[in-house]
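Biologist: I should like to go through the reasoning behind several labels. Please show the structure before we begin.

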Amino acid sequence: MINLKDVSFFYAGSESERGIRNINLSVGKGEVVLLCGESGCGKTTVTRLINGLIPHYYEGQMSGEVLIGEQKIHELPLHETSRLVGSVFQNPRSQFFSVSTTSEIAFGCENMALPVPEIFRRIDQTVREFKIESLMNRSIFKLSGGEKQKIACASVAACDPPILVLDEPSSNMDTDAVEELRRIIEIWKRKGKTIIIAEHRLYYLRELIDRVIYMKDGVIAGEYTARAFRALPPEKLTEMGLRPLSLSGIVRKYAAMPESNETMTLLGFSYSYKHAASTRAALNMKNFSIPRNAIIAIVGKNGAGKSTFARCLCGLEKNFGGTVEEENQALRSKQLLKKSYMVMQDVNHQLFTESVLDEVLLSMKNEQEASAGHILDSLDLLPLKELHPMSLSGGQKQRVAIAGAVGSEREIIIFDEPTSGLDIYHMKEVALNIERLKMQGKTVFVITHDLELVMECCNHVLHFENGKVIGNYPLNSEGCKKLRLFFGHIPASD
């Protein structure tokens, strides 16, 4: 059904995305194929070739042919390709056309000029299959990252294309949402859809995939049947730069560190969004204390209030009610803004300069190019220092924003999903830099759905639900058991 014949592609004006070379790949009708490999290996480039974004949106030098049936995708206009291939991107905001969830799901069907009754039928069917009744008729801007991804998947499903291309679809989803995504992919598979998934999270796909294409440095470095891939030992997966096929074997890297006796107390944290559909406050927290000079994992389901809390904590939401007390000081919005630095979930909102190096220098109180170079080197970014940040891949952009946080030297550092779209190698690099911040006396908050990251570097947990803290505990042996229960796995010894 899909054939890439001796395809090479190199992006115009960007050395950072090295492109792909001599790709030969056939995907049969109804097959579920996983593309995997380290960040920047070429997975996303292959998906862009299949959905026609290359060469119509991303310019560069291309050779070879990309065929769906007998049609050359690279020669078809995008509006014709969209009837054949539906796409879900890592950042769902990049594919939204509407401001309301229901309108977004309807948009593709309307663009296809389907009859109105058929559009309503498809919307109803999709909402039922995705179990997203609670997300209907809401503002796109008021959704969490995982909720936005659900709407992106639903809008593509409503168009009912025969081929689906998913690029890191689970990157901002909680464990329940990932399970829902797995269920939807299973439904698509039963319907005979052809599915290509570029993904770092592998565990939820292990029973769905038919074949695995492993990429490295822009070429296909390995091809496996599903059975052969599942038989690979964990050490081999790590050597390949891949995440594990099961979360049950993830353990703490080291014994829990003793927590500091110094604490930070959060008083009266509350916040409500204006014109929100729900009357429930986004945050409504009782007073609580947490250790200073710690790495604190903030966990909870999508929509639990984690990102809202982060924006309040660093002073970005000026109308929130609450105070932070530390060292006999009461800190409100203005003071928190000066003491905090936040790496946002969508890092495109905070990359401003003309080069990667300048991005780090901008974050520094006193610009020091040598120090900035060391930070970039620690995140595997030094060879990219002269490139424009917006020319980088998603994972590379994420690491640039993290480099800015490291260079800022602020006392409170907040990371919102810092490892979304990162392979295991770069996840461990991020964890190491977070540990370095703690060693410098910083208090670090990490909002994440990544159990591996929590086990790699965090030593305290805040568990959110419906805008409230329902768990506040050290990540010792007992804390690890609680955390595993939240992530849906049987507790193991640590």
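**Reasoning from values to labels**

Modeller: Just after α14, E409 has a positive phi of about 60°. Please note that this is a predicted model.

Biologist: How do you know that α14 has the span expected of a helix?

Modeller: Helix α14 covers residues 394–408, which is 15 residues. The expected span is 1.5 Å times one less than the number of residues, and that gives 21 Å for α14, close to the 22 Å from its first C-alpha to its last.

Biologist: What makes α14 mostly covered?

Modeller: Of its 15 residues, 14 are buried, a label that requires under 20% relative accessible area.

Biologist: What does α14 supply to the lining of the second largest pocket?

Modeller: Four residues of that lining come from α14, the largest share. The second largest pocket has a volume of about 490 Å³. Of its 23 lining residues, the closest to the centre are S340, Y341, M342, Q350 and R410. By class, the lining has twelve nonpolar, five polar and six charged residues.

Biologist: How do you know that C36 is in no disulfide?

Modeller: A search of the whole structure finds zero disulfides. The nearest cysteine sulfur to C36, that of C41, is 7.7 Å away; a disulfide requires two cysteine sulfur atoms within 2.5 Å, so C36 does not qualify. For C153, the nearest cysteine sulfur is that of C159, 13 Å away, and C153 is likewise in no disulfide.

Biologist: Why is C153 called buried?

Modeller: The relative accessible area of C153 is 1%, and the cut-off is under 20%, so C153 counts as buried. C36, at 1% relative accessibility, also counts as buried.

Note on methods: Residues numbered from 1 in each chain as written. Predicted model: local features only at pLDDT ≥ 70, side-chain atom pairs only at ≥ 80, totals over all residues. Heavy atoms only, no water. Buried < 20%, exposed > 50% of the residue type's maximum accessible area, 1.4 Å probe, protein only. Helix = DSSP H or I, 4+ residues; strand = E, 2+ residues; numbered from the N terminus. 1 Å grid on protein atoms, 1.4 Å probe; cavity = no way out; pocket = protein on both sides within 12 Å on 5 of 7 lines; lining within 4 Å. Points joined across faces, edges and corners; volume = space filled by probe spheres on them. Nonpolar A, V, L, I, M, F, W, Y, C, P; charged D, E, K, R; others polar.
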